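Here's a walk through the model, meant to be read with the structure open beside you. Spin it around as you go and look up the residues as they come up.

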Amino acid sequence: MDGSLIALVGFIALFACLVIRMPVGISMMLVGTIGIYAIRERAAIPKLAGEIFNEASNYPLTIIPLFVLMGNLAGVSGMSRDLYSAAHSWLGHLKGGLASATVVGCAGFSALSGSSLAAALTMGRVSLPEMQRYNYDNGLATGSIAAGGTLGILIPPSAGFVIYAILTEESIGQLFMAGVIPGLMLTALFVVAIWLVVLRNPEKAPRGAAIVPLRERFQAMRRASAIVSIIVITIGGIYLGVFSAVEAAGVGAALAFVITAFRGQLTRANLIEVFTSTLKSTGTVFLILFGAFVFKSFIGFSGVTYDLSLWVEAQGFTGMQVVLMFLLIFIILGMFMDGFAILVLTVPLVQPIIEPLGVDMIWFGVLMVICLEMGLISPPVGVNVFVVKGIAPGVPLNTIFRGIWPFWFAMLLAVVLIVVFPQIALLLPQTMFG
């Protein structure tokens with residue numbers, strides 16, 4: 001059977017496995033192994049074993065459990081609450097200020113955890129009761145939490161960038177730096193989106209909190225200095241070349257552990273919760289990666305990427321045209337699939353097509369991650385929406401989905417700006433690495 005035909009059958013089989021809710025990693029591992037067997041029988045089992053061993057012993061991947069651990073420690077130590085309290089003290093009295101504080105808090109927590117789900121869950125538990133207390137519209141309140149949480153896979157340290165870097169063999173440090181300015185820009189766009197919503201419908205944020213005296217604002221900033229210091233040391237250390245991304249993860253986790261101990265939160269229950277959560281999250285990511293590399297090998301054996309690249313060349317498409325087509329595909333896929341599934345499924349297929357066209361893979365990675373963020377809040381499968389639903393059981397699901405649209409369009413604007421002005425993503429990586 002022709003390799004391209006086998007690849008097509010493989011993709012159909014993979015989607016069928018995902019439809020019946022088989023775990024993403026196992027689906028790709030199963031389909032990839034059977035596909036390799038169909039093309040090159042004797043290579044199937046050695047390739048399966050080799051890819052799993054290679055990724056399990058891949059030193060850069062230690063960054064994932066370390067940053068997940070750091071985020072979990074920030075949650076149990078109260079650092080995440082301190083961060084929200086600081087943002088609340090400066091922004092809470094403004095119209096829509098509590099929602100804006102939620103977005104800023106999510107951005108700060110994202111710089112510690114690298115996880116969208118963790119950011120939405122942790123900051124949502126802190127901020128939602130406050131917004132409900134001040135009679136915020138449920139759509140605006142839950143929408144700001146769901147959208148703010150998506151910053152976790154864009155603002156470094158991003159688990160999405162780590163996986164993208166491993167799949168494309170790009171520098172994790174460069175990708176982290178590429179996410180800084182777009183992450184700050186998207187945070188600002190979310191705040192502007194909240195302001196526009198409240199400007200159009202003032203009843204959505206009927207009143208703000210009382211103005212906090214300047215002294216108390218600085219006291220709140222001082223309490224949040226622990227989490228800010230960890231962020232500055234880890235991200236600043238990468239930027240200044242003091243240590244690598246993996247070393248930054250180790251330093252950040254160690255600092256978070258020390259601060260948690262200093263605050264007296266290293267109880268037996270907290271330690272069990274932190275390490276259990278870290279192991280579960282890490283195990284899920286590693287299983288996905290094992291499956292992704294087995295499936296990537298199957299795609300390589302099939303030769304379908306070579307055939308597609310020849311077809312693209314024959315059509316005379318430019319690199320930008322192909323990039324825009326793929327971004328549209330990612331946005332559509334995001335309506336039905338988990339972001340990580342899209343990432344590991346499409347990158348092995350996309351990279352061999354766009355790289356020969358001169359597309360910068362760092363720049364493309366930032367665009368892809370923002371499109372995946374859009375998928376995290378897109379109906380009908382937006383994962384972050386269901387996370388927020390879990391902490392807001394009294395809010396109807398359609399109300400949450402209605403609340404996310406201003407933020408979805410803010411993300412679309414961010415994609416357009418980065419496409420038109422690539423230096424938004426490339427300035428820091430080029431400054432650091434030349």
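Keep in mind that this is a predicted model. Let's begin with a charged residue that is tucked away: Glu 51 has a relative accessibility of 10%, so it counts as buried. Its side chain meets that of Lys 47 in a salt bridge, with 3.5 Å from N to O. Lys 47 has 27% relative accessibility, so it counts as partly exposed. Why are these two placed about one helical turn from each other? Glu 51 and Lys 47 both sit in helix 3, which covers residues 44–56, and they are separated by about one turn because they are four residues apart.

**The other charge pairs**

As background, side chains of opposite charge can pair when their charged atoms come close. The count for this model is four salt bridges. Here are some of them, including the one just described.

| Salt bridge | N to O distance |
|---|---|
| Glu 51 and Lys 47 | 3.5 Å |
| Arg 133 and Glu 130 | 3.1 Å |
| Asp 137 and Lys 204 | 3.7 Å |

Arg 133 and Glu 130 belong to helix 7 (residues 116–133), and because they are three residues apart there, about one helical turn separates them. Glu 130 comes out at 19% relative accessibility, which counts as buried because the cut-off is under 20%.

Which parts of the chain does the salt bridge between Asp 137 and Lys 204 tie together? Asp 137 is in the loop between helix 7 and helix 8 (138–150), while Lys 204 is in the loop between helix 10 (172–200) and helix 11 (214–223), so the pair links parts that are 67 residues apart in sequence. Asp 137 is partly exposed, at 27% relative accessible area, and Lys 204 is partly exposed too, at 24%.

**The nonpolar interior**

As a general rule, in soluble globular proteins, nonpolar side chains tend to be buried together. In this model, the largest nonpolar core has 157 residues. Which of its members touch the most other members? They are Ile 63, Phe 176 and Phe 364.

Phe 176 is a good one to click on. Leaving out residues up to four places away in sequence, Phe 176 touches Ile 63, Phe 67, Pro 156, Pro 157, Ser 158, Phe 161, Val 162, Ile 238 and Ala 245. So two prolines turn up among the contacts of Phe 176, because Pro 156 and Pro 157 both have heavy atoms within 4.5 Å of it.

**Backbone oddities**

Those prolines are worth a second look. A cis peptide bond joins Pro 156 and Pro 157, and its omega is about 5 degrees. Pro 157 is in the loop between helix 8 and helix 9 (159–168). For context, most residues other than glycine have a negative phi, and most peptide bonds are trans.

Phi has its exceptions here as well. Asn 135 isn't a glycine, yet its phi is positive, at about 60 degrees. You'll find Asn 135 in the loop between helix 7 and helix 8, and its relative accessibility of 51% counts as exposed. Glu 169 is another non-glycine with a positive phi of about 60 degrees. That residue lies in the loop between helix 9 and helix 10, and Glu 169 is exposed, at 71% relative accessibility.

**Nonpolar residues with some exposure**

Where do nonpolar side chains make a surface patch? Leu 5, Leu 8, Val 9 and Ile 12 form one of about 370 Å². Ile 12 is in helix 1 (residues 3–19), and it is exposed, with a relative accessible area of 55%.

Ile 181, in helix 10, has 27% relative accessibility and counts as partly exposed. Setting aside residues up to four places away in sequence, Ile 181 touches Ile 424, Leu 427 and Leu 428. Ala 392 is another matter: Ile 181 and Ala 392 are 211 residues apart in sequence, and their C-alpha atoms are 31 Å apart in space.

**Cysteines**

How many disulfides does a search of the whole structure find? It finds zero. Two cysteines to look up are Cys 106, buried at 0% relative accessibility, and Cys 371, buried at 1%.

Key:
Residues are numbered from 1 along each chain as its sequence is written. This is a predicted model: local features need pLDDT of at least 70, side-chain atom pairs count only at pLDDT 80 or more; totals for chains, interfaces and linings use all residues. Side-chain values use heavy atoms; hydrogens and water are left out. A nonpolar core is a set of buried Ala, Val, Leu, Ile, Met, Phe, Trp, Tyr and Cys residues joined through side-chain atoms within 4.5 Å. Buried means under 20% relative accessible area, exposed over 50%, partly exposed in between (1.4 Å probe, protein chains only). Patches are made of residues with over 30% relative accessible area and no salt bridge: like charges are joined within 9 Å, nonpolar side chains (Val, Leu, Ile, Met, Phe, Trp, Tyr) within 5 Å. Accessible areas come from the Shrake-Rupley method with a 1.4 Å probe; for residues, only the protein chains shown count as cover. A disulfide is a pair of cysteine sulfur atoms within 2.5 Å.
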